[in-house]
Amino acid sequence: MIATYKVLGMTCSHCVAAVTSELMAVPGVSNVDVNLETGDVVVTATRDINRETVNSAIDEAGYELAE
Ligand SMILES: [Cu+2]
């Protein structure tokens, strides 16, 4: 699956790295592409990843999923 999420609070490449590494740690996630300017995070995975899982990974990194 491939899904795009909007993440709030990312301001620099360090934020991007933190979000990327938390999401990459989710089993099944094969790629994470973050657009710092828009806050769009594209998650590619070999299985279905639900929003709750993405939300807790983002939260773990210290950021927030937009509505
Ligand atoms: Cu930052």
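Q: Which residue in β3 stands opposite Ala3?
A: Residues are numbered from 1 along each chain as its sequence is written. The model is predicted: local features need pLDDT of at least 70, side-chain atom pairs count only at pLDDT 80 or more, and totals for chains, interfaces and linings use all residues. Opposite Ala3, in β3, stands Val43.

Q: How many bridges pair strand β1 with strand β3?
A: Strands are DSSP runs of E with at least two residues, helices are runs of H or I with at least four, and both are numbered from the N terminus. Two strands pair if DSSP finds at least two bridges between them. Lys6 stands opposite Asp40 in β3. Strand β1 (residues 2-8) pairs with β3 (residues 40-45) in the antiparallel sense, and the number of bridges is 5.

Q: Which residue in β4 stands opposite Val7?
A: β1 also runs antiparallel to strand β4 (residues 64-65), joined by 2 bridges. Across from Val7, in β4, you will find Leu65.

Q: In what order do the 4 strands form the open sheet?
A: Strands of a sheet pair through backbone hydrogen bonds, either parallel or antiparallel. Here the pairing is antiparallel and the sheet is open, with the order β2-β3-β1-β4. That leaves two edge strands, each pairing on one side only: β2 (29-35) and β4. So the order, once more, is β2-β3-β1-β4.

Q: At about what angle does helix α1 run to β2?
A: Axes are lines fitted to C-alpha atoms, for helices over the stretch in contact, and angles run from 0 to 180 degrees between N-to-C directions. Helix α1 (residues 13-24) lies across β1, β2 and β3, and its angle to β2 is about 160°.

Q: Is α1 parallel, antiparallel, perpendicular or oblique to α2?
A: The axes of α1 and helix α2 (residues 51-61) come within 8 Å and cross at roughly 140°. Angles under 35 degrees count as roughly parallel, over 145 as roughly antiparallel, 65 to 115 as roughly perpendicular, and the rest as oblique. Therefore α1 is, relative to α2, oblique.

Q: How many residues of the contact of α1 with α2 are nonpolar?
A: Residues are in contact if their C-beta atoms, placed from the backbone, lie within 7 Å. Ala18, Val19, Glu22 and Leu23 of α1 meet Ala57, Ile58, Glu60 and Ala61 of α2. Ala, Val, Leu, Ile, Met, Phe, Trp, Tyr, Cys and Pro count as nonpolar, Asp, Glu, Lys and Arg as charged, and the others, Gly among them, as polar. The contact has 2 charged residues and no polar ones, and the nonpolar number 6.

How values were computed: Two residues are in contact if their C-beta atoms, placed from the backbone, lie within 7 Å.
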